[in-house]
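Grab a coffee and work through these exercises with the model open beside you. Each one starts with a task and ends with a solution taken step by step.

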2 protein chains.
Amino acid sequence: LVNELEIIELIRKRFSVPQVTVGETAGIATDRQNRILKGIGDDTAVISPPKYPILYTTDMMVEGIHFDLAFISPFELGYKLVARNVSDIFAMAGEPEFLLLNLCLPFNRKRKIENFLASFLDGIDECLKRYNIRLVGGDFSSSPDRIFLSATLTGTSPSPVFRSGARPGDFIYVTGTIGDSACGLEILKRKAKLPSEIITPLVKKHLRPEPEPVHKKVSRLNAMIDISDGLAIDLWRLCTESSVGALLYEDKIPVSRELKEAASLMDLDILSLVLSGGEDYELLFTADDLIREPGLTEIGVIKEKPDMEIMGSDGVVRPLRPEGYIHSGNF
Amino acid sequence: LVNELEIIELIRKRFSVPQVTVGETAGIATDRQNRILKGIGDDTAVISPPKYPILYTTDMMVEGIHFDLAFISPFELGYKLVARNVSDIFAMAGEPEFLLLNLCLPFNRKRKIENFLASFLDGIDECLKRYNIRLVGGDFSSSPDRIFLSATLTGTSPSPVFRSGARPGDFIYVTGTIGDSACGLEILKRKAKLPSEIITPLVKKHLRPEPEPVHKKVSRLNAMIDISDGLAIDLWRLCTESSVGALLYEDKIPVSRELKEAASLMDLDILSLVLSGGEDYELLFTADDLIREPGLTEIGVIKEKPDMEIMGSDGVVRPLRPEGYIHSGNF
């Protein structure tokens, strides 16, 4: 059995990094590692300032609200906690840099806490390495019952892209395919017995999202947001901030072959998974130009009238509402 | 009754600030407000980088672990969540700058959530104004039961002071008086009936800590830490990071008149409140020089041998152990 101080010591040792003295990095340092003047182990982390604007995002994951350990492993939970925040940094056209972590873990599950923590930290570490992020501090507490997690991620961008830059006439794009994560969750909840080549990619999209940036591929981004709560509500947020409206083409929204097959076998409504499923961690952005890039799909157009519409396969245009039950959200 | 989206909207409106465009602040901006290129309402906050190193700290407050609403009001809870983090920034000789907030509030107490939130945000706001901090983002979630709070605070310092800089021969100083907060909590828990001129300052120290920086008063600080878990354990942390030991003089530790009176009336051990009470949010630091400043008290000396000792009123030197039950801590 371990106690709280031992857990804090374990985390410290695992994520401690060699640090440089303040004098060595006079001026603006560029290398991430060399910018850590003090990492884990003091009252605060101390970081050399970046050259460009700093990005800050924070996200919570609460047991019983955002996850259920019956469906997600401790490793995947750690990975996803970081990846969700990475998605927000990419949505500003930024590079992720430094992470702070808050862990509140129950001690009345004592026999399992060491195992949980080891796998959870492995998942955190895997995602940190994947995106070249450094853990520079955090807080640990015992919990009376539930697991409560939060993470704050910093980033930097020479030219951040806001939600508010969409203009009438812009084309609307998304990365990847939409709805897979929600379908993956549904498969987990129903313990659905489907062929593994269908299940695996959908469930992976839910448990281990892999956000990818677009700002290196596309230079002229007018507005951007990540799709975390669902395509419809996140598009509505972008439109609201930009004081514009949008018209989507249902047939153009990229849907994976696996989602189509799973929806058919499980009798799920594809459009509803796509529009309000959430947790895609894909990017939604607008641009003046027509872009032809693998992995980017044009799905509609920004219009002046501030409402949202969708044209169905039948050519009929219907109102598009920002639906979906939202139990949490950033402010 | 309000729902989650309405709460997020309420927080957004309350803490939204006018923002400047990226072009207006080319180069390094100095004014805090003008450095907010994007505050609340996008995927991330966007902040112009400071000239000096950036400080990051994060802290959790969990209902049933860190607080009990029977003893602390929502206003004080909001205030204290921010103040705890301010204390960490001051402990590095820094100025606090920008805050990110995570709120997880139960909706099964629906009738009370609006009232709770209004007072809680008032408390946050009061502390933000007190220390000239700007709220630039956060995350809100409903909770299945308990209140979970966390906050990440940024700061900046031209010359951060670490825990690791103490050298043998340094004098050890503390700000303010020690043990008041722990005594205040004891008064609340026991619902002790003492004269109000004794209760008020002690309870206030617990519910509404007011961290004060020392780096503007004292120029040559060798090492510093804030006293959050107790004088003994926090001194031990400073000594460990500096690879030194310490000798304290019991009679020199500053104890308030109110604490002495309350301890006598309630039959509490003063030394135990002082050494392991915690939540003082005073600063403990070491310096080469003898300092004579109101509000700063020399309490001992740093020694080479890496153990801790305390000399009692009787002149006898005894070992000083880093005691106290720690249910949480920073890493």
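A definition to start with: two strands count as paired if DSSP finds at least two bridges between them. With that in hand, look at S6(B), where Pro96(B) has Gly155(B) as its bridge partner. Keep in mind throughout that this is a predicted model.

**Exercise 1. The neighbours of a strand**

Task: Work out which strands join S6(B) and in what sense they run.

Solution:
- Step 1: take S3(B), residues 54-62. It is joined to S6(B) by 9 bridges, and the two run antiparallel.
- Step 2: pin that pairing to a residue. Leu55(B) stands opposite Gly155(B) of S6(B).
- Step 3: turn to S4(B), residues 95-106. Here 8 bridges make the link to S6(B), again antiparallel.
- Step 4: find residues for this one too. Glu95(B) faces Thr156(B) of S6(B), and Pro96(B) is the bridge partner of Gly155(B).
- Step 5: put the two together. Gly155(B) is opposite Leu55(B) and is also bridged to Pro96(B).

**Exercise 2. One strand further**

Task: Which strand pairs with S4(B) in the parallel sense, and over how many bridges?

Solution:
- Step 1: the strand to look for is S5(B), residues 134-143, which pairs with S4(B) in the parallel sense over 9 bridges.
- Step 2: check one position in that pairing. Phe98(B) has Arg134(B) of S5(B) as its bridge partner.
- Step 3: compare the senses. S4(B) runs antiparallel to S6(B), but parallel to S5(B).

**Exercise 3. Faces and burial**

Task: Why can S6(B) be called largely enclosed by the rest of the structure?

Solution:
- Step 1: recall the cut-off, since buried means under 20% relative accessible area.
- Step 2: apply it to residues 148-156. In S6(B), 9 of the 9 residues are buried, so the strand is largely enclosed by the rest of the structure.
- Step 3: think about the faces. In a regular strand, side chains alternate between the two faces of the sheet.
- Step 4: list them. One side of S6(B) carries Phe148(B), Ser150(B), Thr152(B), Thr154(B) and Thr156(B), and the other carries Leu149(B), Ala151(B), Leu153(B) and Gly155(B); all are buried, and both faces are covered.
- Step 5: do the neighbour as well. S4(B) has 11 of its 12 residues buried, so that strand too is largely enclosed by the rest of the structure.

**Exercise 4. Four residues of chain A**

Task: Buried, partly exposed or exposed: how do Phe75(A), Asn132(A), Lys252(A) and Ser243(A) count?

Solution:
- Step 1: Phe75(A) sits in helix H2 (residues 74-90) of chain A. With 25% relative accessibility, Phe75(A) is partly exposed. Leaving out residues up to four places away in sequence, Phe75(A) touches Ser119(A), Phe120(A), Asp122(A), Gly123(A), Glu126(A) and Arg208(A).
- Step 2: Asn132(A) is in the loop between helix H3 (110-130) and strand S5 (134-143) of chain A. Its relative accessibility is 37%, so Asn132(A) is partly exposed. Phi of Asn132(A) is near 55°, positive although the residue is not glycine.
- Step 3: Lys252(A) belongs to the loop between S9 and helix H7 (257-266) of chain A. A relative accessible area of 35% makes Lys252(A) partly exposed. Beyond residues up to four places away in sequence, Lys252(A) touches Thr297(A), Glu298(A) and Ile299(A).
- Step 4: Ser243(A) lies in the loop between helix H6 (231-242) and strand S9 (245-249) of chain A. At 58% relative accessibility, Ser243(A) counts as exposed. Phi of Ser243(A) is also positive, near 55°.

**Exercise 5. Stepping back**

Task: Decide whether the radius of gyration of chain A agrees with a compact globule, or differs from one.

Solution:
- Step 1: get the expected value. For 331 residues, a compact globule would have a radius of gyration near 20 Å.
- Step 2: set chain A against that. Chain A has 21 Å, which agrees.
- Step 3: add burial and contacts. In chain A, 59% of the 331 residues count as buried. Among contacts with a separation of 6 or more, 82% come from residues 24 or more positions apart.
- Step 4: finish with the make-up. Chain A has 8 helices and 14 strands, and its C-alpha atoms fill a box of roughly 65 × 50 × 30 Å along the principal axes.

Technical notes
Residues are numbered from 1 along each chain as its sequence is written. Chains are lettered from A and ligands numbered from 1 in the order in which they are written. This is a predicted model: local features need pLDDT of at least 70, side-chain atom pairs count only at pLDDT 80 or more; totals for chains, interfaces and linings use all residues. Side-chain values use heavy atoms; hydrogens and water are left out. Helices (H or I, at least four residues) and strands (E, at least two) are DSSP runs, numbered from the N terminus. The radius of gyration is taken over C-alpha atoms; the globule rule is 2.2 Å times the number of residues to the power 0.38. Buried means under 20% relative accessible area, exposed over 50%, partly exposed in between (1.4 Å probe, protein chains only). Contact means heavy atoms within 4.5 Å.
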